[in-house]
Amino acid sequence: LKEDRIQSPAKKKEYLNVIVDESQRLTRLVNNVLDFSRLEQGRKQYRIKELDMPLFLHEIIDAHLMRLEQAGLVLIKQIPDSTNKVQTDRDTLEQVLLNLIDNAIKYAAEGKELKVSLESTAEACRIKVQDRGPGVPTPHRSKNFDKFHRVDESLTARQPGSGLGLSIARRLLRDIGGDLQFEPRPDGGSSFIVIIPL
């Protein structure tokens with residue numbers, strides 16, 4: 001690209017998309033490591049503000065629609081149209097959701113489906129991110145949120161990763177009074193539940 005040896009506009013766009021995607025992935029990896037360090041030292045700071053949850057979810061998901069489509073995932077959204085405002089840290093919530101979307105793309109694309117739903121009760125707002133991938137084997141479920149844990153820990157693991165994403169995501173949510181939970185999805189797949197207290 002730099003030497004202008006590629007003439008096809010379609011090829012240029014394809015290569016640029018790869019560069020942008022990889023740059024964003026590396027940025028998220030670096031941010032995970034930095035956040036891990038801040039969390040371990042108790043130096044992580046949060047900015048709690050009012051957030052319109054349905055609007056926020058549409059913005060985040062739609063920004064990654066192309067990546068989901070390229071991975072072969074059909075997106076199903078069950079997000080109410082009504083305004084649902086919560087007091088939370090937007091950056092934290094965005095980081096958690098991007099981690100879950102990345103994991104779905106990396107590990108569950110063969111399931112061809114990603115479902116994001118929003119439910120509210122008197123106590124909490126619950127965001128469910130569900131896939132139809134291979135799921136998490138029973139022996140690994142209790143370690144899902146352990147630091148550096150990966151289901152495939154071999155040197156030939158098919159997908160790159162540090163095993164920090166889910167651990168950091170849960171810690172971030174717990175720091176702001178929420179939680180991240182896992183449950184197997186009926187008929188196959190995984191379900192991650194983001195809980196934000198009201």
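Buried residues make up 40% of the 198 residues in the protein chain, and this figure, like every other value in this briefing, comes from a predicted model. The chain holds 6 helices and 7 strands, which follow one another from the N terminus in the order α-β-α-α-β-β-α-β-β-α-α-β-β. Among the contacts with a separation of 6 or more, 68% join residues that lie 24 or more positions apart.

**Helix H4 against helix H6**

- The axes of helix H4 (residues 90-107) and helix H6 (residues 165-175) come within 10 Å of each other and cross at roughly 155°; angles over 145 degrees count as roughly antiparallel, and H4 and H6 are therefore roughly antiparallel to each other.
- The crossing of H4 and H6 is left-handed, and the residues that meet there are Thr92, Leu93, Gln95, Val96, Asn99, Leu100 and Asn103 from H4, with Gly165, Leu166, Ile168, Ala169, Leu172 and Leu173 from H6.
- Sorted by character, the residues of this contact between H4 and H6 comprise 8 nonpolar and 5 polar ones, with no charged residue in the contact.
- On the H6 side, the buried residues of the helix are Gly165, Leu166, Ser167, Ile168, Ala169, Leu172 and Leu173, while Gly177, just after H6, takes a positive phi of about 90°.

**Thr92, a residue of H4**

- Thr92 is placed in helix H4, where its relative accessibility is 2%; because buried means under 20% relative accessible area, Thr92 counts as buried.
- If residues up to four places away in sequence are not counted, Thr92 touches Tyr46, Leu172, Leu173 and Ile176.
- Thr92 and Arg47 are 45 residues apart along the chain, yet their C-alpha atoms are separated by 9.0 Å.

**Helix H2 and its crossing with H4**

- In helix H2 (residues 53-63), the buried residues are Met53, Pro54, Phe56, Leu57, Ile60 and Ile61, and seen down the axis of H2 they fall within an arc of 160°, so they line one face of the helix.
- The axes of H2 and H4 come within 11 Å and cross at roughly 45°, and the two helices are therefore oblique to each other.
- The crossing of H2 and H4 is right-handed, and the contact is made by Met53, Phe56, Leu57, Glu59 and Ile60 of H2 together with Arg90, Leu93, Glu94, Leu97, Leu98 and Ile101 of H4.
- The residues in the contact of H2 with H4 divide into 8 nonpolar and 3 charged ones, and no polar residue is among them.
- Leu93 of H4 takes part in the contact with H6 and also in the contact with H2.

**Residues with a positive phi that are not glycine**

- As background for the next two residues, most residues other than glycine have a negative phi.
- Asp4 is not a glycine, although its phi is positive at about 60°; Asp4 is found in the segment before helix H1 (9-41), and it is partly exposed, with a relative accessible area of 47%.
- Asp187, also a residue other than glycine, has a positive phi near 70°; its place is in the loop between strand S6 (179-184) and strand S7 (190-197), and Asp187 is exposed, with a relative accessible area of 78%.

Terms used:
Residues are numbered from 1 along each chain as its sequence is written. This is a predicted model: local features need pLDDT of at least 70, side-chain atom pairs count only at pLDDT 80 or more; totals for chains, interfaces and linings use all residues. Side-chain values use heavy atoms; hydrogens and water are left out. Axes are lines fitted to C-alpha atoms, for helices over the stretch in contact, and angles run from 0 to 180 degrees between N-to-C directions. Helices (H or I, at least four residues) and strands (E, at least two) are DSSP runs, numbered from the N terminus. Angles under 35 degrees count as roughly parallel, over 145 as roughly antiparallel, 65 to 115 as roughly perpendicular and the rest as oblique. A crossing is left-handed if the near helix is turned anticlockwise from the far one by less than a right angle, and right-handed if clockwise. Contact means heavy atoms within 4.5 Å. Ala, Val, Leu, Ile, Met, Phe, Trp, Tyr, Cys and Pro count as nonpolar, Asp, Glu, Lys and Arg as charged, and the others, Gly among them, as polar. Buried means under 20% relative accessible area, exposed over 50%, partly exposed in between (1.4 Å probe, protein chains only). The arc is that of the directions from the helix axis to the C-beta atoms.
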